Amino acid sequence: MTAARPAPPDAVRGVLASGPRLQGVDVARALALLGMIGTHVGGIADTVDWSAPDTWAAVAHGRSSSLFAVLAGVSIGLTSGRSRPSGPPTIGRVRARLAIRAAAVVAVGLLLMALDTPVYVILPTYGVLFVLVVPVLRWRARWLLVLAAACAVLSPVAALAIAPAYADAGTWEVQLGLVYPVVTFLAYVLVGLAVARLPARRVDATRAPSDGLEARRTQVALLAAGTLVAVVAYGAGNLLAPLPDDAVFAFPGVPYAPAGATPADALMQVFLSPRDHSSSIVDVVGTTGVAVAVIGLCCLLVDGRGRTASRIALPLAAVGSMPLSVYALHLVVIAALPAYPDSGAAWAWFAIGSVLFAVVWRTVLGRGPLERLLARLTGLVPIAR
């Protein structure tokens, strides 16, 4: 009879629990990145009209950045112990690493903003979000979801409260907290962290528990639950607060109600609008549902499916394995071009270039350049001593 494997000491549990890299998560992250690039250079429509196929690419609006944010939470969870986050003193070192990562991401974001491209840079908000989740790293998935729900409810209120402060703000100030509202995006990161914290399932006494996100039934559940939540949220939003004709002029990140709307209609638009980047409850819940479904689907199609699936997914997985580098590079390229690109062809070239860069770099040098820098910085705080 094989003896049960002893539990690892707490000082290294977080490292051991991080497990193998989930290729499906990298693929989902690549889709988020390419979608965000498309909203920047793709010349896509402002809204989706399902009767007009040439507008379907507009689904990238709002959903790409929210998927990116949910995946940021997943990444934090996967690198801090997955379903078994460490306790003291290891968790203190993990938190210190996350704080260093936050500072570095903010610094990179400010440098990219200095390029003065007509793109709202999301990275400074990301850095703030990393700091905000430091206190809840050891929370269980259910409590993370409760806090995320509270953020979703408060999202339109917080966005409306902060909007007047930006009345006379410049481009830099607008990017720092208005276009990507912290309360709204905190909900996404918390959901992602909860996904990574889904409980492990022990197969038998001689084997380590299988990680929640790696389990097939978890992936199916994420796909089904995310799809259901998105359908219900957008269905309710379109029924109770249909988009006004002039919604295209609404500023991203801020709730909007057309002039002359009744108080009841205005209230519906603020809290239940299905408009992308509206910070409404429907927007937050709907985009979260889409993100969770995409993550579940990507993991279901790729992870544990064998070498063939892994090889097919490799180009996208390479992009998703170095998100900071690919995101920064596409803004550098935009700044270097003589004219701002804005067409489907430009989106295709950026996508092809991103894949080629990521595949070649990963094959030859491994970890992405900015990811390598982050690893060096966070490595200043050792996990185990």
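Student: How does the lining of the second largest cavity divide by class into nonpolar, polar and charged residues?
Tutor: This is a predicted model, in which local features need pLDDT of at least 70, side-chain atom pairs count only at pLDDT 80 or more, and totals for chains, interfaces and linings use all residues. Residues are numbered from 1 along each chain as its sequence is written, and side-chain values use heavy atoms, without hydrogens or water. The second largest cavity (points on a 1 Å grid over the protein atoms alone where a 1.4 Å probe fits but cannot get out) is lined by Leu112, Met113, Asp116, Thr117, Val119, Val121, Thr171, Trp172 and Gln175, each with an atom within 4 Å of a point. With Ala, Val, Leu, Ile, Met, Phe, Trp, Tyr, Cys and Pro as nonpolar, Asp, Glu, Lys and Arg as charged, and the others, Gly among them, as polar, the split is five nonpolar, three polar and one charged.

Student: Which helix gives the most to the lining of the second largest cavity?
Tutor: Helices are DSSP runs (H or I, at least four residues) numbered from the N terminus. Helix 4 (90-113) and helix 7 (171-175) each supply at least two lining residues. With three residues, the biggest contributor is helix 7.

Student: And the largest cavity: which residues are the closest to its centre?
Tutor: The largest cavity holds about 70 Å³ of space, a volume being the space filled by probe spheres set on the points. It has 14 lining residues, and the closest to the centre are Thr184, Phe185, Tyr188, His277 and Asp283.

Student: Which helices each supply at least two residues of that lining?
Tutor: By class, the lining of the largest cavity has four nonpolar, nine polar and one charged residues. Those giving at least two residues each are helix 3 (60-78), helix 8 (182-196) and helix 11 (281-302).

Student: Helix 8 also packs with helix 5 (residues 123-132). What is their orientation to each other?
Tutor: With axes fitted to C-alpha atoms over the stretch in contact, and angles running from 0 to 180 degrees between N-to-C directions, the two pack at about 60°, their axes 10 Å apart. Under 35 degrees counts as roughly parallel, over 145 as roughly antiparallel, 65 to 115 as roughly perpendicular and the rest as oblique. Helix 5 and helix 8 are therefore oblique.

Student: What classes of residue make up the contact of helix 5 with helix 8?
Tutor: Contact means heavy atoms within 4.5 Å. Thr125, Val128, Leu129 and Leu132 in helix 5 meet Val182, Phe185, Leu186 and Val189 in helix 8. The tally is seven nonpolar, one polar and no charged residues.

How values were computed: On a 1 Å grid over the protein atoms alone, a cavity is a set of points where a 1.4 Å probe fits but cannot get out, and a pocket is an open set with protein on both sides within 12 Å along at least five of seven lines; lining residues have an atom within 4 Å of a point.
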